[in-house]
Amino acid sequence: MSERDGREWRDQQRQAVRAHADAAARQRAAEQAQAAELVAWFVAEATRRGLRTTRLVARGYDGRGRYRTRLNGWYVDRAETRAVDVDGRFHLLTVPGGLRARLFGVDPQASPAPLVIGAGGRDGESIPLRTLLTRLLDAGSGEPGSTTRPAAPGA
């Protein structure tokens, strides 16, 4: 392979990698937009139904400590490590913790909601965000399986 051929091959590889990265970024952005729409729908529906909010608590990375937050909203999972606040933001409620966090509380930052909770996790268990939010609405409203509610976006 000549030096020129080698350069052309490297350039083609760089372009292919860049195109792949761009496509992945577009896919991520589209999924985040869909998930944000689902979260907004959930907050509107939960508010309409009068679903009770709770003061959200974060947990330490090690799972031992519990830390106050200023957030009010709804836990999305049973482990109470993911939540949606009343402003329609998705939060991962795991934090570094420590003495300062114990004394003053923590302020978990909002993060983009995933369309599938637990995707890529080591335990292999994952569930669509739409399913979790719909279950939460049904459990909180006493309407399991009700068909009188507006459908989730994209359903």
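This report describes strand pairing, nonpolar cores, an aromatic pair and selected residues in a predicted model.

**Strands**

Strand β1 (residues 54-60) and strand β2 (residues 66-75) run antiparallel and are joined by five bridges. Within this pairing, A58 has Y67 of β2 as its bridge partner. The hairpin that β1 and β2 form has five residues between the strands, and G63 there takes a positive phi near 85°. Strand β1 is also joined to strand β5 (residues 94-95), in this case by two bridges and in a parallel arrangement. Here the bridge partner of R59 is T94 in β5.

The two pairings of β1 are set out below.

| Partner of β1 | Direction | Bridges | Citation |
|---|---|---|---|
| β2 (residues 66-75) | antiparallel | five | |
| β5 (residues 94-95) | parallel | two | |

**Nonpolar cores**

The largest nonpolar core comprises 19 residues, and F42, V84, L129 and L133 have the most contacts inside it. Helices α1 and α3 are the elements that give two or more residues to this core. The greatest contribution comes from α1, with seven residues. Apart from neighbours within four places in sequence, V84 is in contact with a set of residues that includes V39, F42 and V43, as well as L56, W74, F90 and L133. A second, separate core has eleven residues, among them L56, Y67, L93 and A101. Y67 of this second core is also the residue of β2 that is bridged to A58.

**The aromatic pair**

One aromatic pair is found in a search of the whole structure. The ring centres of F42 and W74 are 5.3 Å apart and the ring planes lie at 85°, so the pair is edge-to-face. This pair links distant parts of the chain, since F42 belongs to helix α1 (residues 3-49) and W74 to strand β2, 32 residues apart. Both F42 and W74 are buried. V84 is in contact with both F42 and W74.

**Individual residues**

T134 is located in helix α3 (residues 129-141). Its relative accessibility is 16%, and T134 therefore counts as buried, the cut-off being under 20%. A polar atom of the T134 side chain lies 2.8 Å from the backbone oxygen of R130.

E80 lies in the loop between β2 and β3 (82-85). Most residues other than glycine have a negative phi. E80 is not a glycine, yet its phi is positive, at about 60°. With a relative accessible area of 27%, E80 is partly exposed.

Methods:
Residues numbered from 1 in each chain as written. Predicted model: local features only at pLDDT ≥ 70, side-chain atom pairs only at ≥ 80, totals over all residues. Heavy atoms only, no water. Helix = DSSP H or I, 4+ residues; strand = E, 2+ residues; numbered from the N terminus. Buried < 20%, exposed > 50% of the residue type's maximum accessible area, 1.4 Å probe, protein only. Polar contact = N/O pair within 3.5 Å; in protein donor to acceptor, adjacent residues only side chain to side chain. Pairing = 2+ DSSP bridges. Phe/Tyr/Trp six-rings, centres within 6.5 Å; stacked < 30°, edge-to-face > 60°. Core = buried A, V, L, I, M, F, W, Y, C linked by side-chain atoms within 4.5 Å. Contact = heavy atoms within 4.5 Å.
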